[in-house]
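I opened this model to look up a handful of residues and elements, and I am keeping my notes in the order in which I checked them.

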Amino acid sequence: MTDGAASPLARLRGMVAERAVDEGRTDAIWPGLRYYRFSSPIRYDKTQTLAPGIVVVLQGRKSARLGASTFSYDEMSCLVLGAETRCDGTVVEASPGQPYLAIHMDLPPELLVKTFIALADTAPAPNGGTVPNYVAPVDERVLDAFTRLLPATDHAIDRATIAPLVVEEIVVRLLRSDAASAIRDAAAIKRSAARIQKAVQLIQQHFRRPLGIAELADAAAMSPSHFAHTFREVAGLAPMHFLRNTRLDQARVLLLAGGKRPGEVAAMTGFDSAAHFTREFKRRYGAPPAQYARQLASAQPQSI
């Protein structure tokens, strides 16, 4: 691939450099999308728990220890996280003149399940079972999709109309590539995704009220133990973690809209206390709710 001014890689690198102005992590207003800039090698001080997602390195090099395996990836490589996993990362190549730049996007479990169902009869056969994480050269079409996604996240109308379509395109392209084996075993998906989708819909519609494994399993017509195992196999994370993340994502929307205190947001999104909400929010987004909302609002374009 030619790295010219018009290449998707060059365009995306420039977009991320403009958005990741501070060292470390910068969150986009689009949920689950974030950018990274490091001007020198660095080892993360604490283990992160990452949801299913894709990491594309645009400049520099990084290694990550995921469970018992260590992966190294650099410019034009993508790391596909097939399931919720604990990660220790090290940026091994970066400098002030050529900082490490990367884009990281969580893959929405509800979109993964929907796409699995759509592709069940056409998905490639798994090679020796599911591989939980996968490093490969990034598809230029995925890079091109990201160059369309980032500008679409800058404006409210585009976020409501264009951005969801581009995210869906990225997920479909990943599931039609060799990286699909990192995300899920197609045969298991074909058997289970439709039933798991019913539980996903229940969570999305009723996340504000208490929900337990028994009720979710009943919606999927499974025993609780089988449901919990199958949900993680299909969606990449435990059902109660998906419920928690759904509540946090909705809380994030309310906070960014302004006018509500964290305690009000906690009550509106199903958390049993403001303290529990603040603790979980900080764990997921790296800052307490009010501070996070101020930081993100100040970093976004005025026309959001």
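Before placing anything in a loop I noted what counts as an element here: helices are DSSP runs of H or I with at least four residues, strands are runs of E with at least two, and both are numbered from the N terminus. I also noted that this is a predicted model.

**Overall counts**

I began with the whole protein and found 12 helices and 11 strands. Of its 304 residues, 49% count as buried, and the accessible surface comes to about 14,000 Å², with 53% of that belonging to carbon and sulfur atoms. I then looked at how the contacts are distributed along the chain: among those with a separation of 6 or more, 71% are between residues 24 or more positions apart.

**Leu211 and Thr269**

I looked up Leu211 next and found it in the loop between α6 (186-206) and α7 (213-219). Is Leu211 buried or exposed? Its relative accessibility is 8%, and because buried means under 20%, Leu211 counts as buried. Leaving out residues up to four places away in sequence, I listed its contacts as Leu202, Ile203, His206, Met240, Leu243 and Arg247. I also checked the distance from Leu211 to Gly270, which is 59 residues away along the chain, and the C-alpha atoms are separated by 9.5 Å.

Thr269 sits in another loop, the one between α10 (262-268) and α11 (274-285). With a relative accessible area of 1%, Thr269 is buried, and a polar atom of its side chain lies 2.7 Å from the backbone oxygen of Val265. Beyond its neighbours within four places in sequence, Thr269 is in contact with Phe207, Arg208, Arg247, Gln250, Ala251 and Leu254. I marked Arg247 in my notes, since this residue is on the contact list of Leu211 and also on that of Thr269.

**Helix α9**

Arg247 took me to α9, which covers residues 239-257. I compared its length with expectation: at 1.5 Å a residue its 19 residues should span 27 Å, and the end C-alpha atoms are 27 Å apart, which agrees. Which residues of α9 are buried? I found Pro239, Phe242, Leu243, Asn245, Thr246, Arg247, Leu248, Ala251, Arg252 and Leu255. Just after α9, Gly258 takes a positive phi of about 80°.

**Ala221**

Having met a positive phi at a glycine, I also looked up Ala221, which has a positive phi of about 55° although it is not a glycine. Ala221 lies in the loop between α7 and α8 (224-235), and at 55% relative accessibility it counts as exposed.

**Helix α3 and the cores**

I gave α3, residues 140-152, the length check that I had applied to α9: its 13 residues should span 18 Å at 1.5 Å a residue, and the end C-alpha atoms are 19 Å apart, which agrees. At the start of α3, a side-chain oxygen of Asp139 reaches to within 2.8 Å of the backbone nitrogen of Arg141. The buried residues of α3 include Val142, Phe146, Leu149 and Leu150, and the buried residues of this helix pack against α1 (8-19), β2 (33-38), β5 (53-59), β10 (100-106) and α4 (156-175).

Phe146 deserved its own entry, for Leu33 and Phe146 touch the most other members of the largest nonpolar core, which has 58 residues. Not counting residues up to four places away in sequence, Phe146 touches Leu12, Leu33, Ile54, Val56, Ile103, Met105 and Ile170. A second, separate core has 17 residues, including Ala64, Phe71, Val91 and Ala102.

**His104**

I then turned to His104, which lies in strand β10 and is buried, with a relative accessible area of 4%. Setting aside neighbours within four places in sequence, I found His104 in contact with Gly32, Leu33, Arg34, Tyr36, Leu50, Ile54, Val55 and Leu81.

**Partners of β9**

Last, I traced the pairing of β9 (residues 85-93), which runs antiparallel to β3 (residues 42-43) over 2 bridges, with Arg43 opposite Thr90. Strand β4 (residues 48-50) is joined to β9 by 3 bridges, again antiparallel, and there Thr49 has Arg86 as its bridge partner. How many bridges join β6 (residues 61-66) to β9? I found 6, with the two strands antiparallel, and Leu66 stands opposite Cys87.

How values were computed: Residues numbered from 1 in each chain as written. Predicted model: local features only at pLDDT ≥ 70, side-chain atom pairs only at ≥ 80, totals over all residues. Heavy atoms only, no water. Buried < 20%, exposed > 50% of the residue type's maximum accessible area, 1.4 Å probe, protein only. Contact = heavy atoms within 4.5 Å. Polar contact = N/O pair within 3.5 Å; in protein donor to acceptor, adjacent residues only side chain to side chain. Areas by Shrake-Rupley, 256 points an atom, 1.4 Å probe, with all protein chains shown as cover. Expected span 1.5 Å × (residues − 1). Pairing = 2+ DSSP bridges. Core = buried A, V, L, I, M, F, W, Y, C linked by side-chain atoms within 4.5 Å.
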